[in-house]
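Me: I would like to learn how to read the architecture of a sheet and the helices around it. Could you take me through one example?

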Amino acid sequence: MEYKFTKESFQEEVLNSKQPVLVDMFATWCGPCKMMGPVVEELAEEYDGQVKVGKVDIDADSELAAQYGVMSVPTFLVFKDGQVADKIIGAVPKEILKEAMDKAK
C-alpha cells in the first residue's frame, strides 16, 4: 500500500515508524516523477509489511521539502529510526531504490 504523507502525518507515519520508510518527494508537474510513479507503486506492493512506501507532494507540503533539503524532484528519502538513512535524487532504476530499502531493513 502506498501512503500519502503530509506535514500533519509525517511525524507519526515516518519519523515514529517502527519500519523503514521510503518517501518519494515529488511534484505533479514533474515528468520524471510521473515516470517513477509506477515504480514506487510496485515497491509499495513488494515491500508491504517490511518497508512503508509513500509520497510527499512538495508543492502541497513545501515545508517538508525545505526541511530535508529537497532541491530537485524526484528525491527519494529512506528513513530508519526517524533519521534519513539514504537520499537518492532523480529518476533511477528500481534496483537502486530496492538496494537502499534493503539496507535500511
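Reply: Certainly; the model is a predicted one. In this model, 5 strands make up an open sheet with mixed pairing, and their order is 1-3-2-4-5. Strand 1 (2-4) and strand 5 (83-89) are the edge strands, each pairing on one side only. From one strand to the next, the twist averages 25°.

Me: How many bridges join strand 2 to strand 3, and do these strands run parallel or antiparallel?

Reply: In general, the strands of a sheet pair through backbone hydrogen bonds, in either a parallel or an antiparallel manner. Here, strand 2 (residues 21-26) and strand 3 (residues 52-57) run parallel and are joined by 6 bridges. Within this pair, Val-21 is found opposite Lys-52 of strand 3.

Me: Which strands does helix 2 touch?

Reply: Helix 2 (residues 31-46) packs on the sheet and touches strand 1, strand 2, strand 3 and strand 4 (75-80). The direction of helix 2 makes about 155° with that of strand 3.

Me: And which strands does helix 4 lie across?

Reply: Helix 4 (residues 94-104) lies across strand 2, strand 3, strand 4 and strand 5. With respect to strand 5, helix 4 runs at about 170°.

Me: Let us turn to a loop residue. Where is Thr-6 placed, and which residues does Thr-6 touch?

Reply: Thr-6 belongs to the loop between strand 1 and helix 1 (10-15). Leaving aside residues up to four places away in sequence, Thr-6 touches Asp-61 and Leu-64. Between the C-alpha atoms of Thr-6 and Lys-94, which are 88 residues apart along the chain, the separation is 24 Å.

Terms used
Residues numbered from 1 in each chain as written. Predicted model: local features only at pLDDT ≥ 70, side-chain atom pairs only at ≥ 80, totals over all residues. Heavy atoms only, no water. Pairing = 2+ DSSP bridges. Helix = DSSP H or I, 4+ residues; strand = E, 2+ residues; numbered from the N terminus. Axes fitted to C-alpha atoms, helices over the stretch in contact; angles between N-to-C directions. Contact = heavy atoms within 4.5 Å.
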